[in-house]
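Visitor: I would like to understand the words used for this structure. Could you take me through them slowly, with the reasoning behind each one?

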Amino acid sequence: MIINRFISDIAFKDKNLRQMRFIIGPRQTGKTTISKNFLKKIDMGNFYYNFDDISIRKKFFKNPDFIKIQILNYRKNKIWMCFDEIHQI
């Protein structure tokens, strides 16, 4: 069962476009879950990048522009993305 968190209403609000949002908090509190669920809901699940995943890190080190290429091939005006565990780089 997924519990709706009030932070998702704030973090994913369209009001402040073109801004980075950082979701921080203790471990196991749902930060990754709300991010993944939001992206899936708006059909942008492929823009979730978890840098704990070695395959994502390898892609990044091989070609740091791999994300830019993915964005350029997407056909929507507004793109949401999530960089999880980015401190792993």
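Visitor: Which residues is Asp84 in contact with, once its neighbours within four places in sequence are left aside?

Guide: In this predicted model, Asp84 is in contact with Thr32, Tyr48, Tyr49, Asn50 and Phe51, where contact means heavy atoms within 4.5 Å. Asp84 itself is found in strand 2, which covers residues 82–84.

Visitor: Why is Asp84 said to have no salt bridge?

Guide: A salt bridge requires a side-chain nitrogen of Lys or Arg within 4 Å of a carboxyl oxygen of Asp or Glu. For Asp84, the nearest side chain of opposite charge is Lys36, and that side chain is 7.0 Å away, so the cut-off of 4 Å is not met. Asp84 is nevertheless buried.

Visitor: What makes Tyr49 buried or exposed?

Guide: The relative accessible area of Tyr49 is 2%, and buried means under 20%, so Tyr49 counts as buried. Phe66 is buried as well.

Visitor: How many aromatic pairs are there, and what makes the pair of Tyr49 and Phe66 edge-to-face?

Guide: The count comes to seven aromatic pairs. The ring centres of Tyr49 and Phe66 are 5.8 Å apart, and rings pair if their centres lie within 6.5 Å, so these two rings qualify as a pair. Their planes stand at 90 degrees, and an angle over 60 counts as edge-to-face, so that is the name the pair receives.

Visitor: Which parts of the chain does that pair tie together?

Guide: Tyr49 lies in strand 1 (residues 48–50) and Phe66 in helix 4 (residues 66–72), so the pair ties together parts that are 17 residues apart in sequence.

Visitor: Why is the pair of Tyr49 and Phe83 called stacked?

Guide: The centres of these two rings are 5.5 Å apart, with 20 degrees between the planes. Since planes under 30 degrees apart count as stacked, the pair of Tyr49 and Phe83 is given that name. This pair links distant parts of the chain, with Tyr49 in strand 1 and Phe83 in strand 2, 34 residues apart. Ring pairs also link Tyr49, Phe51, Phe60, Phe61, Phe66 and Phe83 into a cluster.

Visitor: What makes Phe83 count as partly exposed?

Guide: Phe83 has a relative accessibility of 36%, and partly exposed is the class between the limits of 20% and 50%, so Phe83 falls in that class.

Visitor: Where is Met81 found, and why is Met81 called partly exposed?

Guide: Met81 is found in the loop between helix 4 and strand 2. Its relative accessible area is 27%, which lies between 20% and 50%, so Met81 is called partly exposed. Leaving aside neighbours within four places in sequence, Met81 is in contact with Leu39, Phe47, Tyr49, Ile67 and Ile71. The C-alpha atoms of Met81 and Met20 are separated by 9.8 Å, although these residues are 61 apart along the chain.

Visitor: Which residues form the nonpolar patch on the surface, and how do you know that Ile24 is exposed?

Guide: The patch is formed by Met20, Phe22 and Ile24, which together have about 460 Å² of accessible area. Ile24, found in the loop between helix 1 (6–11) and helix 2 (31–41), has a relative accessibility of 77%, and exposed means over 50%, so Ile24 counts as exposed.

Visitor: What is noted about phi of Asp43?

Guide: Phi of Asp43 is near 60 degrees, a positive value in a residue other than glycine. Most residues other than glycine have a negative phi. Asp43 lies in the loop between helix 2 and strand 1, and at 55% relative accessibility Asp43 counts as exposed, because the limit is 50%. Glu85, in the segment after strand 2, likewise has a positive phi, near 55 degrees, and at 27% relative accessibility Glu85 counts as partly exposed.

Visitor: How many helices and strands does the chain have?

Guide: The chain has four helices and two strands, running α-α-β-α-α-β from the N terminus on. Of its 89 residues, 24% count as buried.

Conventions. Residues are numbered from 1 along each chain as its sequence is written. This is a predicted model: local features need pLDDT of at least 70, side-chain atom pairs count only at pLDDT 80 or more; totals for chains, interfaces and linings use all residues. Side-chain values use heavy atoms; hydrogens and water are left out. Buried means under 20% relative accessible area, exposed over 50%, partly exposed in between (1.4 Å probe, protein chains only). Lys and Arg count as positive and Asp and Glu as negative; His and the chain ends are not counted. Patches are made of residues with over 30% relative accessible area and no salt bridge: like charges are joined within 9 Å, nonpolar side chains (Val, Leu, Ile, Met, Phe, Trp, Tyr) within 5 Å. Accessible areas come from the Shrake-Rupley method with a 1.4 Å probe; for residues, only the protein chains shown count as cover. Rings of Phe, Tyr and Trp (its six-membered ring) pair if their centres lie within 6.5 Å; planes under 30 degrees apart count as stacked, over 60 as edge-to-face and the rest as tilted.
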